[in-house]
Amino acid sequence: MKPQANRVVVPALLFAAILVVSFNAWLAFRSVESLLSSEFWVAHTWQAISQVDRIMGSAKDAETGSRGFLITGDDNYLDPYFSATRDLPTELNHFQSLTSDNPSQQVRLTEMRAVIDQRLALLEQGIDLRRSGDTNSVHALILTGTGKLQMDHLRHIADDMQAEELRLLTLRTATAQSSGRRARYTVSVASGLDFLLIMLMFRYFSHERSLRVAAEITARRLALSRAELEERAREIGSLNALLEHRVQLRTAELETTNRELEAFSYSVSHDLRAPLRTIDGFSLALEEDYAAIVGDTGKDHIRRVRNAVHRMGELIDALLQLSRITRAEILRQQFDISAMAESVAAHLKEENPDNQIAFHIESGLHAFADPQLLRVALENLFGNAVKFSSKMPNTVVDFGWDPIESAWYVRDNGAGFDMIYAEKLFNAFNRLHGDKDFKGSGIGLATVARVVHRHQGRIWANSIVNHGATFWFTLG
């Protein structure tokens with residue numbers, strides 16, 4: 001190459017090489033910056049997941065402390081409860097700040113705050129009742145099952161939160177990996193071009209060397225960042241293992257407590273029968289032997305006493321049935337559920353000869369479940385449908401399989417209910433209609449829910465007041 005051409009070409013090549021190297025350096029910087037950003041968001045996602053675990057841990061601490069106090073009356077059991085009530089607002093606010101860029105998580109957090117407030121209010125109510133010595137009210141409060149529904153709801157929200165964060169973790173981890181590959185490729189290309197530039201233009205060696213030093217520093221920083229992330233991941237794994245152990249211990253404690261409560265309920269129900277029989281017997285003797293002495297007002301009082309005794313007896317029977325269903329062993333088998341529904345419907349028609357009842361039962365349906373327990377569930381669902389449709393000129397009850405919901409359904413054209421109170425439907429002794437309108441013990445739907453839950457299924461309902469109701473259930 002001629003000197004004059006060389007004087008033109010060499011600077012041009014040098015300028016082009018400088019441009020190429022500069023562009024690659026910028027691209028490498030952007031790749032490294034993208035990698036650091038991706039790794040930051042991965043760590044941020046783990047923090048959000050861990051924060052959900054902390055919130056659930058505090059909620060369970062409050063639940064455990066309150067239950068310990070309700071059972072023993074010892075204030076020392078309330079330490080976890082008070083700690084949880086202090087920590088929960090801070091933990092919820094921290095999660096809110098961690099997920100401020102995620103509207104769906106903010107909606108779930110609002111719902112979680114509401115459920116936690118309701119649960120803490122119910123726990124505080126139980127504590128106040130226990131301190132006042134009103135053990136009967138405490139027992140009744142526990143038997144409602146509202147606490148379990150609230151905790152199940154809270155776990156469902158927490159599961160949704162963690163599922164959303166895990167989804168984001170998957171995306172961000174993939175982005176971090178892609179950024180790492182891109183950064184390595186970019187740095188390699190830049191280094192190759194720099195080496196070529198050294199060979200062509202030795203006088204620019206010092207400049208190329210400085211770029212290598214910068215790349216090495218960046219690599220060391222990345223290695224340190226990666227080591228810190230790995231250490232944090234190990235810490236999170238250790239915390240998760242500890243939390244899982246604590247959850248297992250507390251679950252075992254709750255199961256023991258539930259078994260003791262069931263035994264207590266069964267014993268009390270049986271012990272109540274003796275005084276009830278005494279009251280019924282003496283009131284009957286008083287009605288038969290002293291009717292002329294007590295007069296019409298006295299006889300009315302006696303009838304009220306006997307009606308109350310019979311009502312108490314029905315409640316005890318319902319409570320015992322619920323207790324038996326809770327303890328009964330599940331023996332699943334394949335059977336014709338349509339035939340079972342026809343049998344239950346025929347029995348209800350015999351019991352209600354004066355009512356115009358039409359049952360529409362889908363034929364040829366089979367289920368894999370415990371026949372005895374499922375019959376109890378159908379008897380209660382059909383019985384409720386007939387009872388709450390009794391004021392209609394014609395009662396219509398439908399039963400079959402809903403392919404859209406993938407569930408069995410029972411539909412009626414009766415009084416229905418306000419969906420505001422839907423969460424109370426499946427709690428024992430929670431009734432949405434007065435005893436004057438529709439007789440009942442308040443145990444039927446609780447019994448159905450217990451049967452469904454024993455089959456690892458779920459039950460839900462939809463209704464409009466005075467336009468009937470539909471109940472869906474699955475069997476696991």
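Let me begin with a term: a residue counts as buried when its relative accessible area is under 20%, as exposed when that area is over 50%, and as partly exposed in between. By that rule S34, with a relative accessible area of 23%, is partly exposed, and I will come back to this residue in a moment. Please keep in mind throughout that what we are looking at is a predicted model.

First, the chain as a whole. The protein chain has 476 residues, of which 38% are buried, and its secondary structure comprises 10 helices and 7 strands. The area that the chain exposes comes to about 27,200 Å², with 58% of it supplied by carbon and sulfur atoms. If we take the contacts with a sequence separation of 6 or more, then 73% of them are made by residues that are 24 or more positions apart.

Now back to S34, which is found in helix α1, the helix that covers residues 3-72. Leaving aside residues up to four places away in sequence, S34 touches S179 and R182. The second of these partners, R182, is 148 residues away from S34 in sequence, while the C-alpha atoms of the two are 9.5 Å apart in space.

Next, a pair of helices. Two packed helices are described by the angle between their axes and the distance between the axes. For α2, residues 79-98, and α3, residues 103-131, that angle is about 170° and the axes are 11 Å apart. Angles over 145 degrees count as roughly antiparallel, and α2 and α3 are therefore roughly antiparallel to each other. On the α2 side the residues that take part include Y81, F82, L88 and F95, and on the α3 side they include L109, M112, I116 and R131. Sorted by character, the residues of this contact divide into 11 nonpolar, 5 polar and 3 charged.

Let me turn to the aromatic rings, where the structure holds 8 aromatic pairs. One of them is formed by F40 and W41, with 5.4 Å from centre to centre and 70° between the planes, which makes the pair edge-to-face. W41 counts as partly exposed, because its relative accessibility is 29%. Elsewhere in the sequence, ring pairs link F359, F382, F399, W401 and W408 into a cluster.

What does N380 touch, once residues up to four places away in sequence are not counted? The partners are G444, T447 and V448. N380 itself has its place in helix α9, residues 371-388, and it counts as buried because its relative accessibility is 18%, with the cut-off for that class set at under 20%.

Finally, a word on backbone angles, since most residues other than glycine have a negative phi. Which sign does phi have at S406 and at Q456, neither of which is a glycine? At S406 phi is positive, at about 55°, and at Q456 phi is positive as well, at about 60°. S406 lies in the loop between β4, residues 395-402, and β5, residues 407-412, and with a relative accessible area of 42% it is partly exposed. Q456 lies in the loop between α10, residues 444-454, and β6, residues 459-463, and with a relative accessible area of 62% this residue is exposed.

Terms used:
Residues are numbered from 1 along each chain as its sequence is written. This is a predicted model: local features need pLDDT of at least 70, side-chain atom pairs count only at pLDDT 80 or more; totals for chains, interfaces and linings use all residues. Side-chain values use heavy atoms; hydrogens and water are left out. Axes are lines fitted to C-alpha atoms, for helices over the stretch in contact, and angles run from 0 to 180 degrees between N-to-C directions. Helices (H or I, at least four residues) and strands (E, at least two) are DSSP runs, numbered from the N terminus. Angles under 35 degrees count as roughly parallel, over 145 as roughly antiparallel, 65 to 115 as roughly perpendicular and the rest as oblique. Contact means heavy atoms within 4.5 Å. Ala, Val, Leu, Ile, Met, Phe, Trp, Tyr, Cys and Pro count as nonpolar, Asp, Glu, Lys and Arg as charged, and the others, Gly among them, as polar. Buried means under 20% relative accessible area, exposed over 50%, partly exposed in between (1.4 Å probe, protein chains only). Accessible areas come from the Shrake-Rupley method with a 1.4 Å probe; for residues, only the protein chains shown count as cover. Rings of Phe, Tyr and Trp (its six-membered ring) pair if their centres lie within 6.5 Å; planes under 30 degrees apart count as stacked, over 60 as edge-to-face and the rest as tilted.
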